[in-house]
Number of protein chains: 4
Amino acid sequence: MINQVTLVGRLTKDPEVKYTADGRPFLNMTIAVNRPYRNQQGVAETDFIYCTVWNKSAENTAKYCQKGSLVGVLGTIQTRNYEDKEGKKIYVTEVSVHTVRFMDKKRSDSSELLPILTIP
Amino acid sequence: MINQVTLVGRLTKDPEVKYTADGRPFLNMTIAVNRPYRNQQGVAETDFIYCTVWNKSAENTAKYCQKGSLVGVLGTIQTRNYEDKEGKKIYVTEVSVHTVRFMDKKRSDSSELLPILTIP
Amino acid sequence: MINQVTLVGRLTKDPEVKYTADGRPFLNMTIAVNRPYRNQQGVAETDFIYCTVWNKSAENTAKYCQKGSLVGVLGTIQTRNYEDKEGKKIYVTEVSVHTVRFMDKKRSDSSELLPILTIP
Amino acid sequence: MINQVTLVGRLTKDPEVKYTADGRPFLNMTIAVNRPYRNQQGVAETDFIYCTVWNKSAENTAKYCQKGSLVGVLGTIQTRNYEDKEGKKIYVTEVSVHTVRFMDKKRSDSSELLPILTIP
DNA sequence: TTTT
DNA sequence: TTTT
């Protein structure tokens, strides 16, 4: 079982961190990813992909990104469903993001420049 | 701009090819992908991911797969919207699939064993 | 900057954990990945991809896999170089693996069935 | 069997198309991908990943990119071996690229803005 | 043999 | 509800 998503695109809005009831940071954002080809009518299209970012990555995204920022996003597709006010079942598909790369930043000011262990 | 999805999971139903108005084959399927970890309540969860397969891959999937078949799927996330009967805008997120790997087949009977050019 | 690799293939040997000087577990393995198409001569080819697995994933791989096991592998391509005995520079490209999925195991006995937090 | 690589990084040199004996265009390039974290010594590292691009993508890469261009690369890891002048077997691991995205170009002048069919 |  |  494999479930892996890689996106590079731009934030449609300024991001904002929220917290779960038990205090975990998260952030909802939509990534605009332009398709590489025009459609049959010659129109350049864009996918607007709904993402939830978790934990430290959520905090860093809020700190380093704004509307229009170019980001790389690594995550998984998740599905869930709920009932709306009329009792109708709504199915939601979204990307749960574990890693965000800040792609218009230079390397030196990236928020994720933290120590890791070396390969021996 | 990058938009790439890799899934390995099982078909929830027997697949069935359909054709667009202008004759292009396609196939809708849902892939069940078990999550690798249990949730906080100790429950093993599954994502049910809605996919559309195109062209020759659609025909091969119908030919070689059935409910329960293990497949690898390469594609992109696409979003679209339409208005339901009450005029409410519905937003849909799905995976548009360009390649399917048949993973419970042995190599010798794979439907995709066609010639390609060699690396010089 | 994005660097992401997804492989599904089989171990060419029984895996064996080793430890770095400072005690970190790691494991070297080669994954055989059959190409989906035959080459111009009609021959079915296979790529033998050298991987290094780290930490807990290394220990689990040794515990749950053997020669021939089907695994999914998530990681990054890494390059390094060293000088051989004759002082010639050797360039090495390998996959540094952070996650291994055990794909011939049923879900119930997967080694990675550990608790995670739920999505709110 | 799955073999998928996604990279975003910069060309280390001006690219140049070559042709196989039977006339197929190809192009060798090295992509510099900066690692997101510093190593234990506090040094920011980079992987230099050797790639071969094929066909139309090779021609477009030569046309639209130069040393330092930011590209997204989709492909597979391939391995091969040959004997050097002293009869020693040399093992090579490289990325065979099927798609290149030109990431410092604006959408309007991308070389890959060609028609595709629409989703019905 | 290495890019910003 | 959409970005360059």
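Let's start with salt bridges: the count comes to 20 over all chains. Keep in mind that this is a predicted model.

Take chain C. C:Arg10 forms a salt bridge with C:Asp104, and the closest N and O atoms are 3.8 Å apart. This pair links distant parts of the chain. C:Arg10 sits in strand E1, residues 2-11 of chain C. C:Asp104 sits in the segment after strand E6. The two are 94 residues apart. How accessible are the partners? C:Arg10 has 37% relative accessibility, so it counts as partly exposed. C:Asp104 has 46%, so C:Asp104 also counts as partly exposed.

Stay in chain C for another pair. C:Asp47 forms a salt bridge with C:Arg35, with the closest N and O atoms 2.8 Å apart. Here, too, distant parts of the chain are linked. C:Asp47 is in strand E4, residues 44-54, and C:Arg35 is in strand E3, residues 25-38. They are twelve residues apart. Buried or exposed? C:Asp47 is buried, and C:Arg35 is buried as well.

Now chain D. The side chains of D:Lys56 and D:Glu59 meet in a salt bridge, 3.9 Å from N to O. Why can these two face each other? They are three residues apart in helix H1 of chain D, residues 55-64, so about one helical turn separates them. In general, an α-helix has 3.6 residues a turn, so residues three or four places apart point the same way. D:Lys56 is exposed, because its relative accessible area is 53%. D:Glu59 counts as partly exposed, because its relative accessibility is 29%.

Salt bridges can also share partners. In chain A they join A:Arg35, A:Glu45 and A:Asp47 into one network.

Next, the interface of chain B and chain A. 28 residues of chain B are in contact with 28 residues of chain A. The area buried between the two chains is about 2,200 Å². Carbon and sulfur atoms give 52% of that area. How many salt bridges cross the interface of chain B and chain A? The rule finds zero. Polar contacts are another matter: the count between chain B and chain A is nine residue pairs.

Which elements of chain B build its side? Strands E1, E3, E4, E5 and E6 of chain B each give two or more residues to the side that touches chain A. E1(B) gives the most, with nine residues. By class, that side of chain B has twelve nonpolar, nine polar and seven charged residues.

On to the nucleic acid. 13 residues surround DNA strand F. The closest are A:Arg10, A:Asn34, A:Thr46, B:Lys89 and B:Tyr91. Which parts of the DNA does the protein approach? Of the atoms of DNA strand F within 4 Å of the protein, 42% belong to sugar or phosphate, and the rest belong to bases.

Three side chains of chain A are worth going through. A polar side-chain atom of A:Arg10 lies 3.3 Å from a sugar or linking oxygen of DNA strand F. For A:Asn34, a polar side-chain atom lies 3.1 Å from a base nitrogen of that strand. For A:Thr46, the partner is a base oxygen of DNA strand F, at 2.8 Å.

The surface near DNA strand F draws on two chains. Strands E1, E3 and E4 of chain A and strand E6 of chain B each supply at least two residues. E3(A) gives the most, with three residues. The residues of this surface divide into four nonpolar, five polar and four charged.

Now the helix of chain A. In H1, residues 55-64, A:Ser57, A:Ala58, A:Asn60 and A:Thr61 are buried. What covers them? The cover includes strands E2, E3, E4 and E6 of chain A.

Last stop, A:Thr99. This residue lies in strand E6 of chain A. A:Thr99 is buried, because its relative accessible area is 14% and the cut-off for buried is under 20%. A polar contact of 2.8 Å joins the side chains of A:Thr99 and A:His98. A:Pro36 is 63 residues from A:Thr99 in sequence. In space the two are 24 Å apart, C-alpha to C-alpha.

Terms used. Residues numbered from 1 in each chain as written. Chains lettered and ligands numbered in written order. Predicted model: local features only at pLDDT ≥ 70, side-chain atom pairs only at ≥ 80, totals over all residues. Heavy atoms only, no water. Buried < 20%, exposed > 50% of the residue type's maximum accessible area, 1.4 Å probe, protein only. Helix = DSSP H or I, 4+ residues; strand = E, 2+ residues; numbered from the N terminus. Contact = heavy atoms within 4.5 Å. Near = heavy atom within 4 Å. Polar contact = N/O pair within 3.5 Å; in protein donor to acceptor, adjacent residues only side chain to side chain. Nonpolar A, V, L, I, M, F, W, Y, C, P; charged D, E, K, R; others polar. Salt bridge = Lys/Arg side-chain N within 4 Å of Asp/Glu carboxyl O. Buried area = accessible area lost by both parts, 1.4 Å probe.
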